[in-house]
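Student: I've got a structure to get through before lab meeting, and I keep tripping over the labels people put on residues. Could you go through it with me?

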Amino acid sequence: MDVEKVFHMTGGVGKTSYAKNSSLQKKASDKVKHIIIETVEELYIETTPKSIGIADLGCSSGPNTLSIIKDIFQTIQVTSHKIMHHSTEFRVYFNDLPTNDFNSIFKALPEFQKLLNQDRKNGFPSIFMGGYPGSFYGRLFPNSYLHFVHSSHCLHWLSRVPPTIYDEQKRSLNKGCVYICDKSPEVVSQAYYKQFQEDFSLFLRSRSEELVVGGKMVLTFLGRRGPEHVDRGNSFFWEILTRSFTILVSQGEIEQEKLDSYDVHFYAPSREEIEDEVMKAGSLKLERLEMFDIDKKEQGRESYGTDVAKAVRAIQESMVSNHFGEKILDSLFENYAMLVDEEIAKEDINPITFVLVLRKI
């Protein structure tokens, strides 16, 4: 499966869309909002650019990405008045894979720009916004072009399923699991880690060339607490997805062989693995690395399991449909919601998220 051609969040504004089912990601963004604001303020004071370039990598579609840009814009506006320095241009680049629903973002931009213009004072910069389709695992922008890079809930997605988890006949060595699990042979976890190293190092090298000296990044993505790949955190949600598929196998909805050949392009790194790759990059300084989890208190009338199932469906729908067909989606994620609720009733599931602040040196 060519991830770049297939993978995307569910577009539009329908009931299964990412726009309608990204509240968990919004909670995470709200948790790190103060870090983004502090980083942008420090960056602006240190660099005082006339034209400031900002990229949101893995922007997807829906309200979350525009909310972040509004926070950044307002932070720069307040800071510029404090230090009596007013930039002339504000450049914003929305990046995601070519299959992303950029149309939803573009449709929202006129109203969004009108909202930003209401607060403009003292000749605050002109605002230029546009889409930049392509994989962030590689160069996207010219040299020394960006001042600030933001990426939220993206870098745990690998550029591909690690090729070395397949044998010479292209059969998966990870049968019965869609991600690293208790039954996975050691070669599987090694393959996933190697793919993460390859992808994350390429991401860091590419952004280092695109950032101006002193430019900064705030990166938020899923991870794990310690050296063990299997825990009751992010890997456990994949175990539940495997169980959800297995129910459909038992009901004759899908074939076991089809399940055995389905593997996800995901990796939850540890703190040490992240730090190692940043150190190897050399041209970026790690200014901050924090770990946090999300409050699981139920909101509204729906259960936690239902909320998680809707979020996972909005993310995985394109990949599941491509491999299994669309007809299993409703029953698959009904099973998923039920299993999450059963598990959370027994014991907490504790997925963790990292937030990194990096500076170009």
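Tutor: Sure, let's take the labels one by one and check each against its cut-off; keep in mind that this is a predicted model.

Student: Cysteines, then. What makes Cys 177 and Cys 181 a disulfide?

Tutor: The sulfur atoms of Cys 177 and Cys 181 are 1.9 Å apart. The cut-off is within 2.5 Å, so the pair counts as a disulfide. A search of the whole structure turns up one disulfide. With 60 degrees about the S-S bond, the link is right-handed, and Cys 177 and Cys 181 are both buried.

Student: Why is there no bond from Cys 59 to Cys 154?

Tutor: The sulfur of Cys 59 has its closest cysteine sulfur in Cys 154, and that is 8.2 Å away. A disulfide needs sulfurs within 2.5 Å, so 8.2 Å is too far for a bond. Looking from Cys 154, the closest cysteine sulfur is in Cys 59, also too far.

Student: And how do you know whether Cys 59 and Cys 154 are buried or exposed?

Tutor: Buried means under 20% relative accessible area. Cys 59 comes in at 6%, so Cys 59 is buried. Cys 154 has 8%, so Cys 154 is buried too.

Student: What about Ser 22: why is it called buried?

Tutor: Ser 22 has 4% relative accessibility, which is under 20%, so buried is the word. Ser 22 sits in the loop between α1 (3-6) and α2 (23-47). A polar atom of its side chain lies 2.9 Å from the backbone oxygen of Tyr 18.

Student: On to rings. What makes the pair of Trp 157 and Phe 266 edge-to-face?

Tutor: The whole structure has 25 aromatic pairs. Trp 157 and Phe 266 form one that is 5.6 Å centre to centre, with 70 degrees between the planes. Centres must lie within 6.5 Å and planes over 60 degrees apart count as edge-to-face, so the pair meets both conditions. The pair links distant parts of the chain, 109 residues apart: Trp 157 is in the loop between β4 (146-152) and α5 (186-210), Phe 266 in the loop between α7 (256-260) and α8 (271-281).

Student: How do you know that Trp 157 and Phe 266 are buried?

Tutor: Trp 157 is at 10% and Phe 266 at 2%. The limit is under 20%, so both rings belong to buried residues.

Student: What makes Phe 203 part of a cluster?

Tutor: Ring pairs do the linking: they join Phe 136, Tyr 137, Tyr 193, Phe 196, Phe 200, Phe 203, Phe 221 and Tyr 267.

Student: And why do you say that Arg 207 lies over the face of Phe 203?

Tutor: Arg 207 is 5.0 Å from the ring centre of Phe 203 and lies over its face. The distance limit is within 6 Å, so 5.0 Å passes. Arg 232 over the face of Phe 236, at 4.4 Å from the ring centre, passes as well.

Student: Now two odd backbones. What makes Thr 48 and His 153 stand out?

Tutor: Neither is a glycine, yet Thr 48 has a positive phi of about 35 degrees and His 153 one of about 60 degrees. Thr 48 is in the loop between α2 and β1 (51-57), and His 153 is in the loop between β4 and α5.

Student: Why is Thr 48 called partly exposed and His 153 buried?

Tutor: Thr 48 has 31%, which falls between 20% and 50%, so Thr 48 is partly exposed. His 153 has 15%, under 20%, so His 153 is buried.

Student: Last one: what makes the largest cavity a cavity, and what lines it?

Tutor: A cavity is space where a 1.4 Å probe fits but cannot get out. The largest cavity has a volume of about 30 Å³, and its lining includes Tyr 179, Arg 224, His 229 and Asp 231. The second largest pocket, at about 310 Å³, has Lys 15, Asp 330 and Glu 334 among its lining residues. Both α9 (304-324) and α10 (329-346) supply at least two residues of that pocket's lining.

Note on methods
Residues are numbered from 1 along each chain as its sequence is written. This is a predicted model: local features need pLDDT of at least 70, side-chain atom pairs count only at pLDDT 80 or more; totals for chains, interfaces and linings use all residues. Side-chain values use heavy atoms; hydrogens and water are left out. Buried means under 20% relative accessible area, exposed over 50%, partly exposed in between (1.4 Å probe, protein chains only). Helices (H or I, at least four residues) and strands (E, at least two) are DSSP runs, numbered from the N terminus. A polar contact is a pair of N or O atoms within 3.5 Å; within protein, one must be able to donate a hydrogen and the other to accept it, and residues adjacent in sequence count only if both atoms are side-chain atoms. Rings of Phe, Tyr and Trp (its six-membered ring) pair if their centres lie within 6.5 Å; planes under 30 degrees apart count as stacked, over 60 as edge-to-face and the rest as tilted. A charge sits over a ring if NZ of Lys or CZ of Arg is within 6 Å of the ring centre and within 35 degrees of the ring normal. On a 1 Å grid over the protein atoms alone, a cavity is a set of points where a 1.4 Å probe fits but cannot get out, and a pocket is an open set with protein on both sides within 12 Å along at least five of seven lines; lining residues have an atom within 4 Å of a point. Grid points are joined across faces, edges and corners, and a volume is the space filled by probe spheres set on the points.
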